[in-house]
Amino acid sequence: MAQREWVEKDFYKELGVTSDATKDEIKRAARKVLADNHPDRNPNNPAAEDRYKAATEAKEVLTDDAKRAEYDETRRLFANGGFGRRFGGGGGGGGFGGFGGETSDFNLGDLFDQAGQTGGANIGDLFGGLFGRGAQQPRPSRPRRGNDLETETELSFLEATKGVAMPLRLTSPAPCTNCHGSGARPGTSPKVCPNCNGAGVINRNQGAFGFSEPCTDCRGTGSIIEHPCDECKGTGVSTRTRTINVRIPPGVTDGQRIRLAGQGEAGLRGAPSGDLYVTVHVRPDKVFGRDGDDLTVTVPVSFHELALGTTLSVPTLEGKVGVRVPKGTSDGRILRVRGRGVPKRGTDAGHGDLLVTVKVAVPPNLEGEAAEALETYAKAERASGFDPRAGWAGSL
């Protein structure tokens, strides 16, 4: 359902873009406006605070394909005062050809065209009471949910794989602490709008047609605040810095978004808050790598350890584990240790595996007995007939 507040708001103008701007253009424009008007850069500046709030709402709507389509359709249908102004304001009849005055160019075909543009909207819904439904009682106005917010945080590799609880500081619109989000001065309460009886819209009939338009007394909210809160000026929301404790689950990956329900921008006058989305960035580790849910590590070894076999002490997320290297193991071989990798997402989902790559480390300077012993080995190797390049394509 289209939000009634959209009728009087020009989100494209708020961000300085045209109505045919792409999503990427809208995001770039929104980042600039939000950065220029951020409360941290504009302390005690009500105008910048208002602009920041407006730009936040504009970005939330215009970067969501479904909301943007709904917003565009709402603005198109209710442009210049909605059906009320389009259908006429002067007297006179004239049947379906017009309602007299300056608005005699009304054409039923326009409504059918608009129905087609909404992607198959029901014609009965589009007319919304034009024939005999205009006298229905308006439904009560629902409070508008707060906008979703986005932020970022950086974790170490171990924090991302094992999970961590951390504080996160946000500067954003939140429920006013003075009026607890009601918008009314402490000791008072909002009252039901007498003009629309709390519906937020007014139904009007003109000849055979009926239409709805936002209530001008309460601006579509359904309630009137006679004594606004001194701190939030009746909105129920104030921009402040707050700290929330965030639990990052084990196994998150670089670039993953985590949704925190109800931790976003506060809704107007006590409406539900939006959600907070946290994008996680993971710093690379000097020892470990990651392949999905598998933990990877490269261990330097000597030639004789591969040739004769050995047991390596290899680090894991929970300490060290012994890994058996079979006799005659080749350089670069990957040894798998089951269940010692990254925790899998989900309750009791287990762990991935530990993948150990063995890599021969060649001595940079070999002298003395070690060099003589290696020469003796090389002679014995040649005498045995072993050729490391036998069958290699480059030797053909």
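The following exercises, each with a worked solution, examine salt bridges, strands and one helix in a predicted model.

**Exercise 1. Salt bridges between separate parts of the chain**

Task: Determine how many salt bridges a search of the whole structure finds, and state which parts the pair arginine 257 and glutamate 150 ties together.

Solution.
Step 1. The search of the whole structure yields 16 salt bridges.
Step 2. In one of them, the side chains of arginine 257 and glutamate 150 meet, with an N to O distance of 3.2 Å.
Step 3. Arginine 257 belongs to strand β8 (residues 257–260) and glutamate 150 to strand β1 (residues 149–155), so the pair ties together parts that lie 107 residues apart in sequence.
Step 4. The surroundings of the two partners may be added. Arginine 257 has a relative accessible area of 43% and is partly exposed, while glutamate 150, at 54%, counts as exposed.

**Exercise 2. Further salt bridges**

Task: Identify which elements hold glutamate 226 and lysine 191, and find which residue forms a salt bridge with aspartate 293.

Solution.
Step 1. Glutamate 226 and lysine 191 meet through their side chains in a salt bridge of 3.0 Å, N to O.
Step 2. Glutamate 226 lies in the loop between β6 (223–224) and β7 (237–248), and lysine 191 in strand β3 (residues 191–192), so this salt bridge ties together parts 35 residues apart in sequence.
Step 3. Lysine 191 is partly exposed, at 36% relative accessibility.
Step 4. Aspartate 293 forms a salt bridge with arginine 290, and the closest N and O atoms are 4.0 Å apart.
Step 5. Aspartate 293 is partly exposed at 25% relative accessibility; arginine 290 is likewise partly exposed, at 25%.
Step 6. A network of salt bridges links Asp294, Arg336, Arg338 and Asp353.

**Exercise 3. Strand β8 and its sheet**

Task: Establish where β8 stands in its sheet, and which of its residues form the covered face.

Solution.
Step 1. The open sheet consists of three strands in the order β1-β9-β8, with mixed pairing.
Step 2. β1 and β8 are at the edges and have a single partner strand each, so one side of each is left without a neighbour in the sheet.
Step 3. Direction ignored, neighbouring strands of this sheet are turned by 30 degrees against each other on average.
Step 4. β8 and β9 (residues 276–282) run antiparallel and are joined by four bridges.
Step 5. Across this pairing, isoleucine 258 stands opposite valine 278 in β9, and arginine 259 stands opposite tyrosine 277 in β9.
Step 6. In a regular strand, side chains alternate between the two faces of the sheet. In β8, Ile258 and Leu260 form the covered face, whereas Arg257 and Arg259 form the uncovered one.

**Exercise 4. The faces of helix α2**

Task: Decide which residues of α2 are buried and which are exposed on the other side.

Solution.
Step 1. Helix α2 (residues 23–36) has 14 residues and spans 20 Å from its first C-alpha to its last, close to the 20 Å expected at 1.5 Å a residue.
Step 2. Its buried residues are Ile26, Ala29, Ala30, Val33 and Leu34.
Step 3. Viewed down the axis of α2, these buried residues fall within an arc of 130 degrees, so they line one face of the helix.
Step 4. On the other side of α2, Arg31 and Lys32 are exposed.

Key: Residues are numbered from 1 along each chain as its sequence is written. This is a predicted model: local features need pLDDT of at least 70, side-chain atom pairs count only at pLDDT 80 or more; totals for chains, interfaces and linings use all residues. Side-chain values use heavy atoms; hydrogens and water are left out. Helices (H or I, at least four residues) and strands (E, at least two) are DSSP runs, numbered from the N terminus. Buried means under 20% relative accessible area, exposed over 50%, partly exposed in between (1.4 Å probe, protein chains only). Two strands pair if DSSP finds at least two bridges between them. Axes are lines fitted to C-alpha atoms, for helices over the stretch in contact, and angles run from 0 to 180 degrees between N-to-C directions. The expected span of a helix is 1.5 Å times one less than its number of residues. The arc is that of the directions from the helix axis to the C-beta atoms.
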